[in-house]
Amino acid sequence: MPLRVYNTMTQAKEPFRTVVPGKVGMYVCGPTVYSPSHIGHMVGPVIFDTIKRYLTYAGYEVTWVVNITDVDDKLIVQAQKEGTTVAELAGRVTRDYLDCLSALSVDGIDRMPRATEHIAEIIEINRELIAKGFAYESGGDVYFEVGKAPDYGKLSHRDPEELMAGARIEPTALKRHPGDFALWKRSKPGEPSWESPWGSGRPGWHIECSAMSMKILGRHFDIHGGGVDLVFPHHENELVQSECFSGETFATFWLHNGLLTNKGRKISKSDPETVVLMSDLLRAHAPDTLRALLLSSHYRRPIDFGPGRLDEIDRGLQTFTRAFERFAELTGESFHAMEAPAHRHDLDPGGSAMLREVGEHRERFLDAMDDDFNTGGALGELFEIVHALNRFGNEPDLVRPGRLEEYRSGMRILRELTAILGLFLRAPAQPEVPEGALTNDLLLLLVDLRNRLRKEKNFALADEVRDRLVGLGVVIEDRTDGSRWRIEPRKN
Ligand SMILES: [Zn+2]
């Protein structure tokens, strides 16, 4: 199935195409760096990182840009509150953001431009828009005059008249129309400012993205992404000012991800009860669990982050952990160090029944991704594959010649597909418990005693031993070839 992508502009799924054959330019609006990252900040990065991974797997060379808004009203207010400078606050919050991205294996971002490094380009766009009659200077501010752009509203599919009448922006005496938006703002004393032909000032938010995206990716690029809450006014304004400036199509595809909700409410700093900081979540859950949550439904739908959802995913992902452990036991190899194909290729339909089953689910995984990056559907196929591998891995005659090689081939397919979703790239951090020889011997002794109790049909005492071990974070697993123990990381 060829890749089809939903475009907010046309409100339809379209065959994927690029401006330059084989290359993709993708711009995603990044954070305004004034407060530490919460889980809501990670939705876009994880989704677009996965989109980049899939496009790369499909053979495209992708350049992905995420901007950092490091000058803004919110930053100025927060820096004053904390008694620090905008630059110090922006630097500190940016480092926290980068740490969170790295924890969630979001490592595909090629460029992270900062607004303050692109002031010259921003001034140039302002100048050109004024020269072309789309913008005007007023009292040291520069405004875009929306009435001059006949197709204003085409991205958010709103009637331009309605947009202008209903603009929530406070009308000021400086604007010709309340719907006009600021491209440049005169700075107040003590605020960060730059010299411009209109006096000392700073850029408006929308113009920053136009300047940085066109500078790095060219005036017409392939994908512009962001959260669905950015469609209006941010993306509508970015679009209109960019196209009026360049006279070209700005972005071919507009992709908007759904937002994360907590108890049914959007996670937002303005609703403190909904905010869950990444630093707290990373202490209690494996990063793969957080990444899997954000990929568990279709990216355009809202994701609910209700109580218990992460525990449920933690439990689900243990199926994979067990598969990796079994693989290491049988082959002495690490799943996480395994080499797997990095690009799409046809699979030989031959092989055993198990490999044919895995191959069918691989096809369905790729079909789901080709259908507008349906990561939720793709993740479901990974569970089917890992179940098939676990069944095979526990068959008693696995040591027969050739069987182990089939098992390895199946695992390699799992590795190929999990890497597309950016899951299980690294071995999980080991829990901090003593695992010396004595611990192992003592636990094996308990496992052995429990098995003897079971043989003697003293199930009550056998279960008590198991339950008390669980209380200590030790899980006993009964398999056809014997029982074994493992440590479960405990939650705080
Ligand atoms: Zn933006």
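Why does Arg4 count as partly exposed? Select Arg4 and look around: it has 15 other C-beta atoms within 10 Å, so it is classed as partly exposed (20 or more would make a residue buried, 12 or fewer exposed, with C-beta atoms placed from the backbone).

Before going further, a word on what you have open. This is a predicted model, where local features need pLDDT of at least 70, side-chain atom pairs count only at pLDDT 80 or more, and totals for chains, interfaces and linings use all residues. Numbering starts from 1 along each chain as its sequence is written.

Stay on Arg4 and show the cartoon: you're in strand β1, residues 4-7 (strands are DSSP runs of E, at least two residues; helices are H or I, at least four; both are numbered from the N terminus). Now bring up the neighbours. Leaving aside residues up to four places away in sequence, Arg4 touches Lys13, Glu14, Pro15 and Phe16, plus Asp370, Asp371 and Asp372 (a contact means C-beta atoms, placed from the backbone, within 7 Å). Next, pick Arg17: its C-alpha is 9.2 Å from that of Arg4, with the two positions 13 residues apart in sequence numbering.

Zoom out to the whole chain. You'll find 15 helices and 15 strands, with the C-alpha atoms in a box of roughly 90 × 55 × 35 Å along the principal axes. Of the 492 residues, 39% are buried. Among contacts with a separation of 6 or more, 72% join residues 24 or more positions apart.

Last stop: colour by domain. Use 4-288 for domain 1, 308-420 for domain 2 and 437-487 for domain 3, bounds that come from an automatic or database domain assignment. The C-alpha centres of domain 2 and domain 3 sit 29 Å apart.

Conventions:
Contact = placed C-beta atoms within 7 Å.
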